[in-house]
Amino acid sequence: MSSAVTANGHDEAHHHGPPKGIGRWLFSTNHKDIGTMYLFFSLIMLLLGGAMAMLIRAELFMPGLQLLEPDLYNNLVTNHALIMVFGAVMPAGVGLANWMIPMMIGAPDMALPRLNNLSFWLLPMAAIMLVSSMIVPFFPFGGGAVNTGWTLYPPLSVQAGMGMDLVIFTVHILGISSILGSINIITTIVNMRAPDMTWFKLPIFVWAWLFTAFLLILILPVLAGGVTMLLFDRHFGTSFFDAAGGGDPVLFQHLFWFFGHPEVYVLLLPSIGVLGMIIPTFARKPLFGYKPLIFFMGFLAILGMVVWAHHQYTIGMSLNTTTYFMIGTILISIPVGLMLFNFMCTMWRGSMTFETPMLFAISIILMFSFAGVTGVMLAVVPADLQYHDTYFVVAHFHYALIPGSVLGLFAATFYWLPKWTGNMYDEKLGKIFFWWNVISFNITFFPQHFSGLAGMPRRIVDYSGQFVEFNVISSLGAFMFGVSHLLFAYIIIKTIRGGEKAPDKPWEGGQIGTPGLEWTVSSPPPFHTFETPPAVK
Amino acid sequence: MSTTKEAYYIPDPSPWPIIAALGIFTMLLGVVLWVNDITSMVMWVGLLMLSGLFYGWFGAVISESQSGKYSAKVDISFRQGMFWFIASEVFFFLTFFGCLFYLRTITLPYLGGEGQLGKSNMLWEGFTYTWPVIQLPDATNYVEPKEAMGPWGLPLINTLILLTSGATITWAHWGLQKENRQQLVKGMAMTVGLGVLFLICQAYEYSHAYAELDLQLDSGIYGSTFYMLTGFHGFHVTIGTIMLIVIMLRSMKGHFTPKHHFAFEGVAWYWHFVDVVWVALYIFVYWL
Amino acid sequence: MKADKGNSMQSCKKTLQKTAGIAGLLGAGSVHADLALNLPEPVSPLAIEIYDLHMLTAKMALYIMIVVTAIIIYSLVKFRKSEGYVADQKFHEGLFGRFGWILVPVIVLGIDATIAGPGMKTLNNVEDYSEPDMTVKVVGSQWKWTYEYLDDDLRIVSNLKKLDPSDELYLRDVDNPLVLPINKRVRFLHTATDVLHAWWVPEIVYKKDSIPGYINETWTIIEKEGTYRGQCAENCGTGHAYMPIVVKALSQEKYDVWLAGQKQASAAAAAEAASDKEWSKAELMTRGEELYNKNCAACHQANGAGIPGVFPGLVGSPIATGPVGGHLDIVVKGKAGSAMAAWGAQLNDLEIAAIVTFERNSWGNDTGDIVQPAAAKAAR
Ligand code: HEA
Ligand code: HEA
Ligand code: CUA
Ligand SMILES: [Cu+2]
């Protein structure tokens, strides 16, 4: 395995560049290579999940059944959501963590490099399994499609065929991957900081990931337990979710959302961390309220763990329970509001320029605030009894998920691409991408608020004529939005292949406030950074 | 051994992670095929891959450890890693305990007619709620158990076995710290023995439950929660026992020093965790 | 379930016309007349209260967005490098910088309280379980609604009315609507037979889930005569898009007339089923076909072929061509853990006998069996 050990205790091989051949990627123990693989994997998944969304929007373009059978449609919805959430957004976040955290805190690598590679390679396995869950229903032994939506509620999920078992184990594999990844990230942050990198010198991105990783470790086992019980109900005769045997279908919903609600902050927080790096850079002014931001992130993580039942106001809970969940959920506007307030105050009296990452950051503040205020509308129980399971909810969560996490990841990509590749991206194309992306995003999802209020339920393959107008606009917007992602992929490839050389510090304001140590190394950084701990100012 | 000032050990590229990923994939795919009555072959192949993998991966780690590559800082990483891993396991068990709690205090009383949602009882006329649930709302698809599993007898003995094993492993640890290798190996052997004994008792209890009490997986919610909790615990005891055996063999080979024995401690932590889960289980599943 | 080509062409054309319409209207600055932008106009006190609450939160949301947008636009215009603005590096060290963060929790808490207060008040009304004037048990099944008038011993089964996609009421109409009197406090008890459903008619009552084995409760007082439409709002599988709800609210007098008529009809049907008349094959077949199309075709399809892998075909199936007993058994008792419901609870003996006779003698199944109601009764 390892080559000869030198006198001072580490491998000779490390002084050379990256290993040659395919083994560099398959067997990697290098955080940058693994980070790259994560990021590419998530880009592919974004395109795949997006292609499914395109099919969904094409079917919904007009009433009647044109492209998809009802079961296939709902199977696509299920897979679209699972692929986007678990395949595109979460791995992208972990990819950023892998690339940036060790470089930011001055560590030679992640704390447990081999485990890190395992976390990554579990993902393609899970993706294969998830995609096969869509394919088996086409075979006679496969049974019915997984038409439940990503929430996998029983009893419907007990009816589904073999695809459901594949989804259950996909969730298990993804769970193992994320838990191991989180363990690695926490350990790295706690144990691997350069000697003078004290807690309150850490870049905000690192803090954001620390909380995210805690959340993941606490919530994923709950989801794993829930789907395991589902598996037992399906195949081994238990009655967890069947009233006839003394169980309760709602129990599964509690387990799912105990995971599911903190999960949305898992998706959100890395992007908040990214904004906390980008905005000070382009406002040329230190992050406003660094410490309160950290404490309120912690508050958000804790509060986020105890409000899950706002997804289940319609299940019939007691008055007191419902009131508790309503108030808890509304209070979340405090920590999130503080984050956005701090970002706005960072811009205030700054000296701003508007490169692509900054454009995204500003649009995110606006659009995510909007998602947040519709979220607070949803949190008010009696009103949610009307909104629940309509397109109003779909509009809310795409506003939260796309600006709140996907666009944040885009911004991060533009921000750090020069560091990763050593080349500047094409600023003009970047700006075109920004406008195209953000405008078509709004065309796609803004009308869904109205169709939802007018009464269009989610997860329906076909709808009545009264909803036509909004769906046409939404579908057209979606096609435009979809194509914009091809431009994104093009910009990335173009930057990797060449372009204007990037300096070590490509952004003028990159050193302001609490920056990471990534700006102290070359662009692209050497294969091994910080083999001896760096000094921190 | 190493001191803090040296460079952190970064392993060379390694094939084990990707093999592990493939092994997990194969095994779980195998389970899918098995529960759908297609074939159980794939599952066994996956299990075999995983066993080989653990042998190889941990073997590599052990030889690196023995050749002194791990600095104190690496040791801390391992400890923190193990700590958070156990934390995630704790949440896994808390899930099942939470379910038990939820069912017992919230939904079953509804089914039995209590509170505002007690109107559900009109669907299940004649059902009254008692715990353990012996008479089911509708037994058409289930086997009603004859009686519940009491807390005395075997479960109590099992509790004592596990508590004792917690003591013996601590005694072994003392031996290690005092560099008394004989005490270490003896303590480990006793712990392994107690672990195996526990599993035998558990297997006997299951067969008794199935054969005489009609208490089965499909005995409604009592059977479901009973087997889910004790079953997953038993599974963890099995894993723990295997790890203990490995540590025992390594102790016999003369691995571990008073300052440098993370593997031992990691396994000991795991074993204590399994122990604590059992105590909670004993209280909430068998007793209350 | 596939709409044929002609229909989709037609609806496509209509869609395009409508879209062009919107584009024009939006341009002209007005809003299309039948383009609903908000919750439909409520007609029960509780729905009205919820509507007002919704308007309150929506307004709050709007105000917050205006403030946020204003701050951002102001800073974008003012604090740009291209205008030569120099960053105030000491901003975060000043008084505001050190204590400004306290502002947000205080202000936001204030707004939260303004929202939560009315929210809790309305919630108390939602959860008000006073004595109702009448109770309707609403049962969701894949994919239809059954309404049981608990005080009147009456049952209505409500199925989707199949229409053309271009029809005004496509997916919005049913064969038998729920009929209710106005100005009476009605209690709904929600439950389901197979999977989760949710009964939702926004104008008169919010949604609560129908959960198999459990009962949820909602209430309303309808204040206006009229026809109100809704849809199943919880994913229930293949037919989730095809579970509309129609409620017809009538004045008390009209309602009484309707009720008497219904009771008469159902008494007649029950008597017919209970009589020990020997039914001829032809009679059973015609009735059976009608009932099959209404109750079973959603899954097993009108041609009995089912949907492979999901719903078994009945053509030549071992059960539908094997012993009559087994066939009756699965229809009466259903199959646990699958979508196949226990129809014994929903159909009377005559209806079951007719359906089974029909299935055993159609689509090439030619057992020649004639199943009489007595046999169905025995199978229960
Ligand atoms: C990144 C993902 C993300 C984020 C961050 C959020 C954030 C929030 N969400 Fe959202 N949500 C989802 C993703 C997300 N959500 C998803 C995926 C679903 C649907 C899942 C499914 O059913 O499939 C969902 C569904 C959902 C529901 C259930 C709806 C239903 O099914 O009936 C509710 C109800 O309470 C809700 C509420 C909230 C709230 C209160 C927040 C808060 O965190 C928002 C806080 C932010 C702000 C409030 C804005 C900033 C603050 C200010 C500018 C200060 C001033 C503001 C006020 C005083 C209000 N969400
Ligand atoms: C991070 C998560 C995430 C992301 C990024 C998205 C992105 C998109 N979603 Fe997503 N969606 C969810 C998470 C997400 N969604 C969830 C959780 C649900 C709930 C599921 C459930 O109900 O269970 C859901 C449900 C959902 C629905 C509701 C379905 C229903 O209830 O019936 C719809 C409908 O419009 C939709 C549309 C879209 C669209 C158009 C995009 C677009 O943003 C996608 C854009 C990206 C691309 C298009 C990829 C790039 C382009 C190509 C691959 C080239 C090919 C392009 C063309 C052919 C034009 N989504
Ligand atoms: Cu019934 Cu959806
Ligand atoms: Cu939530």
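This dialogue goes through the metal sites, a surface patch, the nonpolar cores and chain B of a predicted model.

Reader: How should I begin with the metals, and which protein atom is the donor of the iron atom of ligand 1?

Author: One starts from the donor atoms of each metal and then places their residues in the fold. The iron atom of ligand 1 has A:His396 as its only protein donor, through NE2 at 2.2 Å. A:His396 belongs to helix H14 of chain A, which spans residues 391-421.

Reader: Which residues coordinate the copper ion (ligand 4)?

Author: Three histidines do so: A:His261 through ND1, and A:His310 and A:His311 through NE2, at 1.9 to 2.1 Å. Along the sequence, these donor residues follow the spacing H-x48-H-H.

Reader: How far apart are the copper ion (ligand 4) and the iron atom of ligand 1?

Author: The two metals are 4.4 Å apart.

Reader: Is A:His310 buried or exposed, and what of A:His311?

Author: The relative accessible area decides the class, with buried meaning under 20%. A:His310 has a value of 12% and is therefore buried. A:His311 reaches 23%, so this residue is partly exposed.

Reader: Let us turn to the surface. Which residues form the nonpolar patch?

Author: A patch is read by its members, its area and the elements that supply it. Here the members are A:Leu47, A:Ile432, A:Trp435, A:Trp436, A:Ile439, A:Ile443, A:Met480, A:Val483 and A:Leu486, and together they have about 790 Å² of accessible area. Helix H15 (427-453) and helix H16 (468-497) of chain A each contribute at least two of the patch residues. The most comes from H15(A), with five residues.

Reader: What can be said of A:Val483 and A:Ser484 in helix H16 of chain A?

Author: They show how accessibility can be read residue by residue along a helix. A:Val483, a member of the patch, lies in helix H16 of chain A. Its relative accessible area is 41%, so A:Val483 counts as partly exposed. A:Ser484 is in helix H16 of chain A as well, but its relative accessibility is 0%, and it is therefore buried.

Reader: Which residues does A:Ser484 contact, leaving aside its neighbours within four places in sequence?

Author: With those neighbours set aside, A:Ser484 is in contact with A:Phe433, A:Trp436 and A:Asn437. Of these, A:Trp436 is also listed in the nonpolar patch.

Reader: How should I read the interior, and which residues touch the most other members of the largest nonpolar core?

Author: In soluble globular proteins, nonpolar side chains tend to be buried together. In this model the largest nonpolar core has 362 residues, and those touching the most other members are A:Phe205, A:Trp416, B:Phe264, C:Val136, C:Tyr149 and C:Trp199. Apart from this core lies another, of 26 residues, including C:Ala273, C:Ala297, C:Phe358 and C:Val371.

Reader: What does C:Tyr149 touch, not counting residues up to four places away in sequence?

Author: Its partners are C:Met134, C:Thr135, C:Val136, C:Leu154, C:Ile156, C:Leu178, C:Val179, C:Tyr255 and C:Trp258.

Reader: Finally, how many helices and strands does chain B have?

Author: Chain B has seven helices and zero strands. Its C-alpha atoms fill a box of roughly 70 × 40 × 35 Å along the principal axes. Of its 288 residues, 53% count as buried. The accessible surface of chain B is about 12700 Å², and carbon and sulfur atoms account for 70% of that area.

Reader: How are contacts in chain B spread along the sequence?

Author: Among contacts between residues at least 6 apart in the sequence of chain B, 70% join residues at least 24 apart.

Methods. Residues numbered from 1 in each chain as written. Chains lettered and ligands numbered in written order. Predicted model: local features only at pLDDT ≥ 70, side-chain atom pairs only at ≥ 80, totals over all residues. Heavy atoms only, no water. Core = buried A, V, L, I, M, F, W, Y, C linked by side-chain atoms within 4.5 Å. Buried < 20%, exposed > 50% of the residue type's maximum accessible area, 1.4 Å probe, protein only. Contact = heavy atoms within 4.5 Å. Patch = residues over 30% accessible without salt bridge, like charges linked within 9 Å, V, L, I, M, F, W, Y side chains within 5 Å. Areas by Shrake-Rupley, 256 points an atom, 1.4 Å probe, with all protein chains shown as cover. Salt bridge = Lys/Arg side-chain N within 4 Å of Asp/Glu carboxyl O. Helix = DSSP H or I, 4+ residues; strand = E, 2+ residues; numbered from the N terminus. Donors = N, O, S within 2.8 Å, 3.2 Å for Na, K, Ca; no water.
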